[in-house]
Amino acid sequence: MGLFDRLRAGLSKTAQVLNTDVRDLLKREGRLVDETFLEELRAALVRTDMGPAAAEAIVVDVGERLRARVIEPDVVIDSIRSELLRRLLERSAPLRIADDGPTVILVTGVNGSGKTTSIAKLAHRFVSHGNRVVLGAGDTFRAAAVEQLSMWAGRIGAEIIRGEPGSDPASVAHRAVARAVEGGFEICIIDTAGRLQTQANLMQELAKIRRVISKQIPAAPHETLLVIDATAGQNALSQAKGFKEAAGCTGIVLAKLDGSARGGVIVPVTEQFGLPVKFVGLGEAADDLQPFIPEQFVAALLEDAFPA
Ligand SMILES: Nc1nc2c(ncn2[C@@H]2O[C@H](COP(=O)(O)OP(=O)(O)OP(=O)(O)O)[C@@H](O)[C@H]2O)c(=O)[nH]1
Ligand SMILES: [Mg+2]
């Protein structure tokens with residue numbers, strides 16, 4: 001499957017509700033757009049993962065354009081497209097890169113969300129663009145985590161800084177940043193152990209890692225990415241809230257979009273917490289990470305829902 005098709009597959013649940021419920025509504029030829037129609041449209045949109053705010057905005061827009069006239073499917077689809085796009089574009093921002101010296105990226109998220117794999121893929125992207133990358137194996141909680149990152153580092157050609165199992169992740173982060181500075185590396189990416197947004201002590205540990213990093217480079221970490229498993233569905237909202245508040249997350253990597261079908265949730269996540277999606281993960285291989293492009297995302301969603 002090509003990238004665009006994999007993106008489509010990842011959005012198929014959101015697309016499916018649009019494709020069945022919304023399309024059914026649009027098919028009733030000659031029907032007038034009235035309060036009942038708008039209410040049904042709102043209910044169908046809310047059943048996708050796009051969130052109540054986007055649904056409401058679409059309903060208002062369709063009401064303004066079509067009230068008391070017959071349904072025009074193209075107008076409704078256009079309204080869906082432009083509302084989703086506007087919301088995603090408003091928040092979109094490329095990865096922040098340091099003006100000079102190494103760019104430091106801290107990577108966080110709940111257990112198993114795809115952090116370590118996403119780090120490997122991101123590092124691979126940088127290396128293939130000619131950047132030198134040092135990784136910090138800050139998941140000192142599980143010995144296997146260090147091995148996993150070391151294996152990736154060897155494979156993609158990145159250097160790695162490791163800590164003893166059970167050692168302080170902040171000290172690993174410190175050493176990784178120090179190595180990046182002294183060795184003239186362009187990129188330093190720091191892995192962390194998975195944790196729940198409700199585990200206050202572990203969230204404080206992330207804050208401590210950030211403090212240690214910014215003592216070395218005041219503008220760092222330049223990004224603190226939250227890796228969200230696209231299958232998390234609505235749970236992604238509480239993860240985004242918790243990690244933004246406690247760990248100062250600045251952006252999202254939406255991992256496992258290839259197997260999820262629930263990627264639509266990124267619309268309310270982006271909107272409610274002002275967290276732009278920076279990358280999407282579409283598989284387990286080193287090159288299965290793509291920059292998030294709102295136009296492409298919305299096109300993939302609507303192409304499936306409303307094939308021409
Ligand atoms: N299909 C698919 N699988 C992925 C993707 N990203 C990660 N995975 C898989 O998800 C599993 C967990 O990935 P990890 O990168 O180890 O997740 P983690 O967040 O580092 O996990 P912990 O360190 O245990 O919290 C692995 O089997 C990965 O290969 C993706 O984009 N697509
Ligand atoms: Mg990991």
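## Strand E1 and its partners

In this predicted model, Thr103 of strand E1 has Ile187 of strand E4 as its bridge partner. E1 and E4 (residues 187-190) pair in the parallel sense, over 4 bridges. E1 also runs parallel to strand E5 (residues 223-229), again joined by 4 bridges. There, Leu106 is bridged to Thr224 of E5.

E1 spans residues 103-108, and 6 of its 6 residues are buried, so the strand is largely enclosed by the rest of the structure. In a regular strand, side chains alternate between the two faces of the sheet. In E1, Thr103, Ile105 and Val107 point one way. Val104, Leu106 and Thr108 point the other way. Both sets are buried.

## Surroundings of ligand 1

Ligand 1 is surrounded by 21 residues. The closest are Gly114, Thr116, Thr117, Gly194 and Gly281. Helix H6 (residues 115-128) gives the most to this shell, with 3 residues.

What is the chemical make-up of the shell around ligand 1, in nonpolar, polar and charged residues? It divides into 11 polar, 6 charged and 4 nonpolar residues.

## Two domains and their contact

The domain assignment gives domain 1 (3-91) and domain 2 (103-291). Their centres, taken over C-alpha atoms, are separated by 34 Å. Across the boundary, 19 residues of domain 1 are in contact with 18 residues of domain 2.

On the domain 1 side, the elements giving two or more residues are helices H1 (3-10), H2 (12-27), H4 (52-66) and H5 (73-91). H1 provides the largest share, 5 residues. By class, this side of domain 1 holds 9 nonpolar, 5 polar and 5 charged residues.

Note on methods. Residues are numbered from 1 along each chain as its sequence is written. Chains are lettered from A and ligands numbered from 1 in the order in which they are written. This is a predicted model: local features need pLDDT of at least 70, side-chain atom pairs count only at pLDDT 80 or more; totals for chains, interfaces and linings use all residues. A residue is near a molecule or strand if its C-beta atom, placed from the backbone, lies within 6 Å of it. Ala, Val, Leu, Ile, Met, Phe, Trp, Tyr, Cys and Pro count as nonpolar, Asp, Glu, Lys and Arg as charged, and the others, Gly among them, as polar. A residue is buried if 20 or more other C-beta atoms lie within 10 Å of its own, exposed if 12 or fewer, and partly exposed in between; C-beta atoms are placed from the backbone. Two strands pair if DSSP finds at least two bridges between them. Domain bounds come from an automatic or database domain assignment. Two residues are in contact if their C-beta atoms, placed from the backbone, lie within 7 Å.
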